[in-house]
Amino acid sequence: MGDDPDTPPPQPDSHHSAANLLTRLKAYEGRPAAVAGVGKDPVNLPMIRHWCEALGDTNPVYTGSDAVAPPTMLQAWTMGGLTGHTGRSSAYDELLALLDESGCTSVVATDCEQEYLRPLRPGDRVTFDTVIESVSGRKTTRLGTGHFVTTRTDVRVGETLVGTHRFRILKYASAQRKKTPPRPSRPRPVVNRDNAGFWEGVEQHRLLIQRCTSCATLRFPWLPGCAHCGGPDWDTVEASGEGSVYSYVVMHHPPFPAFDPPYAVVLVELAEGVRMVSNVVGTPYDKVRIGMPVRLDFRTYDGDLTLPVFRAAADEAAAEEAPV
């Protein structure tokens, strides 16, 4: 029978690929990373002093003719500096290269463990051997997915083992960071035939208030008829923009995607006597107070939404008096 053109080609078995990689990684366990390394400097008082000064350690046991080195300096005496050590083997580099090929190109040191068998003293010349002690299976962390690699360094003075240093790194493939979603747009007002004139005024930076032509009662929000006399006819007056905070609440919960709580929602009483819900901009939410004088302003959000808001009248006056 011929191949079915609708049958998808076989896909590589990721489970077997991972198992094969782990087998190759595990083959490096027990192999040397450094052989017969020699500390670049003997244990010495200047390095001990610098270490203690950096850490603020004033223990007298680290000074004088009978000084010993702080135990936690164990690794310092084995470090190769910028030029490295001649005793370094190729196995460790090969292991890291294999991890790079598998996509684990990032590295972070995770922890170390030290065991101290006898104090080091000025004049001691340390030697050391380092072995690849273990490579973990595939682990998933917050940084990404990869393998923990542990090396063990045995530090000696002459033939005497003076300490052991285990150093562990994570070689990993960085987790894909989630892209920050765009900020949601503010909710749009519902515009209908009863309030269209109000929003047309806002677009022109004018705050229009309905006025009944029968009894001259002002009303807000806009309504199809007068609640005082029932008259259906009306015209408009433009608000002066002066007002004060009649009441307010501070919103903490529930959160709305387009807003950043906490924020103050205010009920402003206009100089004309009607009240409207809005925001006081430019003033922290915890500085808003009942009776605070405010003045009308207009702000555009999301590029195309103009809304009437208010500023503290004191801020408005200060802006007008500022030198040009």
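Here's a short back-and-forth on the cysteines, the main nonpolar core and one threonine.

This is a predicted model, where local features need pLDDT of at least 70, side-chain atom pairs count only at pLDDT 80 or more, and totals for chains, interfaces and linings use all residues. Residues are numbered from 1 along each chain as its sequence is written, and side-chain values use heavy atoms, with hydrogens and water left out.

Me: How many disulfides does a search of the whole structure find?

Reply: The cut-off is a pair of cysteine sulfur atoms within 2.5 Å. Cys-112 is too far for a bond, because the closest cysteine sulfur, in Cys-52, is 18 Å away. For Cys-212, also in no disulfide, the nearest cysteine sulfur is that of Cys-229 at 3.6 Å. The whole-structure search comes back with 0.

Me: Is Cys-212 buried or exposed?

Reply: Buried means under 20% relative accessible area, exposed over 50%, and partly exposed in between (1.4 Å probe, protein chains only). Cys-212 has a relative accessible area of 2%, so this cysteine is buried.

Me: Which residues touch the most other members of the largest nonpolar core?

Reply: A nonpolar core here is a set of buried Ala, Val, Leu, Ile, Met, Phe, Trp, Tyr and Cys residues joined through side-chain atoms within 4.5 Å. This one has 29 residues, and the ones touching the most other members are Leu-207 and Leu-270.

Me: Which side chain makes a polar contact with the side chain of Thr-145?

Reply: A polar contact is a pair of N or O atoms within 3.5 Å; within protein, one must be able to donate a hydrogen and the other to accept it, and residues adjacent in sequence count only if both atoms are side-chain atoms. At 3.2 Å, the partner of Thr-145 is Thr-140.
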